[in-house]
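Reader: I am new to reading protein models. Can we go through one together, step by step?

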Amino acid sequence: MSSERRSYSGILHRKAKGSLELSESGFNFRPDSGGENGTIEIIPWNRTIKHQVSPASHSKSLLKILVAAAAASNSGGNNGSNSSFTFVFPSRSDLESARKEITCRLKNNNHHSV
């Protein structure tokens with residue numbers, strides 16, 4: 001499961017609608033209207049500190065990713081401090097699927113980087 005590339009469409013990030021892609025090396029967000037250079041966030045798994053999802057009772061299906069400073073610096077993050085990225089999913093089932101996939105990939109990455 002974790003070696004495949006997985007994409008989620010209809011994702012909202014910083015008021016831009018697009019797709020979130022999970023791959024072997026990390027994940028990226030690509031806005032629908034992005035063109036050739038449309039990827040606005042590329043975050044490697046080894047810089048991902050943790051991820052959180054909104055509770056089921058919350059009106060929106062939110063995914064929050066906490067990223068170490070070095071990975072976030074080219075994406076508008078503050079140098080020297082961690083950054084977070086929030087993604088709004090169109091459905092709870094997509095959010096839960098992404099959460100499980102990210103958990104698996106982070107475990108695999110931590111296992112290989114030791």
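Reader: How many helices and strands does the chain have?

Author: This is a predicted model, so local features need pLDDT of at least 70, side-chain atom pairs count only at pLDDT 80 or more, and totals for chains, interfaces and linings use all residues. Residues are numbered from 1 along each chain as its sequence is written, and side-chain values use heavy atoms, with hydrogens and water left out. Helices (H or I, at least four residues) and strands (E, at least two) are DSSP runs, numbered from the N terminus. The chain comes to 2 helices and 7 strands.

Reader: In what order do the elements run?

Author: Start at the N terminus and read on. The order is β-β-β-β-β-β-α-β-α.

Reader: What percentage of the residues count as buried?

Author: Buried means under 20% relative accessible area, exposed means over 50%, and partly exposed lies in between (1.4 Å probe, protein chains only). The chain has 114 residues. The buried share is 38%.

Reader: Which strand is joined to β7, and how do the two run?

Author: Two strands pair if DSSP finds at least two bridges between them. Here 7 bridges join β7 to its partner. V67 stands opposite S83 in β7. The partner is β6 (residues 61–67), and the two run antiparallel.

Reader: Which residues make up the covered face of β7?

Author: The strand β7 has two faces, one covered and one uncovered. S84, T86 and V88 are on the uncovered face. The covered face holds S83, F85, F87 and F89.

Reader: Which residue in β7 forms an aromatic pair with Y8?

Author: Rings of Phe, Tyr and Trp (its six-membered ring) pair if their centres lie within 6.5 Å; planes under 30 degrees apart count as stacked, over 60 as edge-to-face and the rest as tilted. The whole structure has 4 aromatic pairs. In one of them, Y8 meets its partner edge-to-face, at 5.8 Å centre to centre and 65° between the planes. The pair links Y8 in β1 (residues 6–13) to a residue 81 places away in β7 (residues 83–89), and that residue is F89.

Reader: Are Y8 and F89 buried or exposed?

Author: Take Y8 and F89 together. Both are buried.

Reader: Why is the pair of F29 and F87 called tilted, and how far apart in sequence are the parts it ties together?

Author: The ring centres are 6.0 Å apart and the planes are at 45°, so the pair is tilted. F29 is buried, with a relative accessible area of 0%, and F87 is buried at 0% too. F29 lies in β3 (residues 26–31) and F87 in β7, so the parts tied together are separated in sequence by 58 residues.

Reader: Which residues do ring pairs link into a cluster?

Author: F29 and F87 belong to this cluster. Its full list is F27, F29, W45 and F87.

Reader: Which element gives the largest share of the largest nonpolar core?

Author: A nonpolar core is a set of buried Ala, Val, Leu, Ile, Met, Phe, Trp, Tyr and Cys residues joined through side-chain atoms within 4.5 Å. The largest has 18 residues, and L20, F27, L63, F87 and F89 touch the most other members. Two or more residues come from each of β1, β2, β3, β6, β7 and α2. The largest share, 4 residues, comes from α2.

Reader: Which residues does L63 contact, leaving aside neighbours within four places in sequence?

Author: Contact means heavy atoms within 4.5 Å. With those neighbours left aside, the list for L63 is L20, H51, Q52, V53, F85, T86, F87, F89, L95 and I102.

Reader: Which residue forms a salt bridge with R5?

Author: A salt bridge is a side-chain nitrogen of Lys or Arg within 4 Å of a carboxyl oxygen of Asp or Glu. There are 4 in the whole structure. R5 is exposed at 59% relative accessible area, whereas its partner E21 is buried at 14%. The closest N and O atoms are 2.5 Å apart, and the partner is E21.

Reader: What separates R105 and E101 in helix α2?

Author: Their salt bridge has its closest N and O atoms 2.7 Å apart. R105 is buried at 3%, and E101 is buried at 4%. Being 4 residues apart in α2, they are separated by about one helical turn.
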